[in-house]
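Student: I have a structure open and would like to practise reading it. Could we go through a few questions together?

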Amino acid sequence: MLALRLLNVVAPAYFLCLSLVTFALQLFLFLPSMPEDPAAAPLFPPALLHGALFLFLSANALGNYVLVIQNSPDDDLGAGQGTPARRAPCPPPSTHFCRVCARVTLRHDHHCFFTGNCIGGRNMRNFVLFCLYTSLACLYSMVAGVAYISAVLSVSFAHPLAFLTLLPTAISQFFAGAVPGSEMFVILMLYLWFAIGLACAGFCCHQLLLILRGQTRHQLRKGVAVRARPWRKNLQEVFGKRWLLGLLVPMFNVGSESSKQRDK
């Protein structure tokens, strides 16, 4: 349990440090190095467009990250009690006591160490959008980093295996003194962004499949049967009627059925 509590502190710190490094590389290295065509004289320079897109993805990723933490899925009858014995006599069947958080959560899905919080009915939508935009921001940063490395080191990525062979080639050239340390750091970040982007995309797709089925990960792990309902009803319960606004701007689960049930 001590190791889990330590991971609950280290994982958010790791995510925030990675976000700061990504911001610094994008704003101070990738965007200034983007080529501009003076003859074309576009209304919006490419660096401005790329910067706006990156800020949009990052704002949604970090915004939903904060909302996952703030919008805790605590059960009204057992939140903050500390032990399962002090919960209400007849809690809903979807409640679960998390030993890491030391509290009861309503419609428990799983405990996310990167947010240091449980994922449940009230912050499920924010968690899905956090995974979605984190994946997009990482993959976009990887593409921008590939363009930077291609221009600085004159590396061609036309071959499908060029990205896979980049790291071992760069390591050998780094120790030979042909690749500077800054470029080597960017190359390492490329693979880190690629791994995190794919992992977050997998989490997002898996969570969406469970939402369509009206099932949580905790219920799937325990083998709990769920009642059959239309998939649109399950989506509306999590994302609410303002799903499009929540897709563009980080916001609480206002208007969703789960939040209405929690507020009663």
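Student: Which element gives the most to the nonpolar patch on the surface?

Tutor: Happy to help, and keep in mind that this is a predicted model. The patch is formed by Leu53, Phe56, Trp243, Leu244, Leu245, Leu248 and Val249, with about 650 Å² of accessible area together. Two elements, α2 (46–70) and α8 (243–248), give two or more residues to the patch. The one that gives the most, with four residues, is α8.

Student: Is Leu248 buried, exposed or partly exposed?

Tutor: Leu248 sits in helix α8. Partly exposed covers the range between under 20% and over 50% relative accessible area. Leu248 has 44% relative accessibility, so it counts as partly exposed.

Student: Why is the sulfur of Cys112 too far from the closest cysteine sulfur for a bond?

Tutor: A disulfide is a covalent bond between the sulfur atoms of two cysteines. To count as one, the two sulfur atoms must be within 2.5 Å. The structure holds zero disulfides. For Cys112, the closest cysteine sulfur is in Cys131, and that is too far because the distance is 7.0 Å.

Student: Which residues that line the second largest pocket are the closest to its centre?

Tutor: This pocket has a volume of about 310 Å³. Elements that give two or more residues to its lining are α1 (2–30), β3 (110–112), α3 (124–152) and α5 (181–213). Of the 17 lining residues, the closest to the centre are Cys112, Phe114, Phe130, Cys200 and Phe203.

Student: Is Cys112 buried or exposed?

Tutor: Buried means under 20% relative accessible area. Cys112 has 7%, so it counts as buried.

Note on methods: Residues are numbered from 1 along each chain as its sequence is written. This is a predicted model: local features need pLDDT of at least 70, side-chain atom pairs count only at pLDDT 80 or more; totals for chains, interfaces and linings use all residues. Side-chain values use heavy atoms; hydrogens and water are left out. Patches are made of residues with over 30% relative accessible area and no salt bridge: like charges are joined within 9 Å, nonpolar side chains (Val, Leu, Ile, Met, Phe, Trp, Tyr) within 5 Å. Accessible areas come from the Shrake-Rupley method with a 1.4 Å probe; for residues, only the protein chains shown count as cover. A salt bridge is a side-chain nitrogen of Lys or Arg within 4 Å of a carboxyl oxygen of Asp or Glu. Buried means under 20% relative accessible area, exposed over 50%, partly exposed in between (1.4 Å probe, protein chains only). On a 1 Å grid over the protein atoms alone, a cavity is a set of points where a 1.4 Å probe fits but cannot get out, and a pocket is an open set with protein on both sides within 12 Å along at least five of seven lines; lining residues have an atom within 4 Å of a point. Grid points are joined across faces, edges and corners, and a volume is the space filled by probe spheres set on the points.
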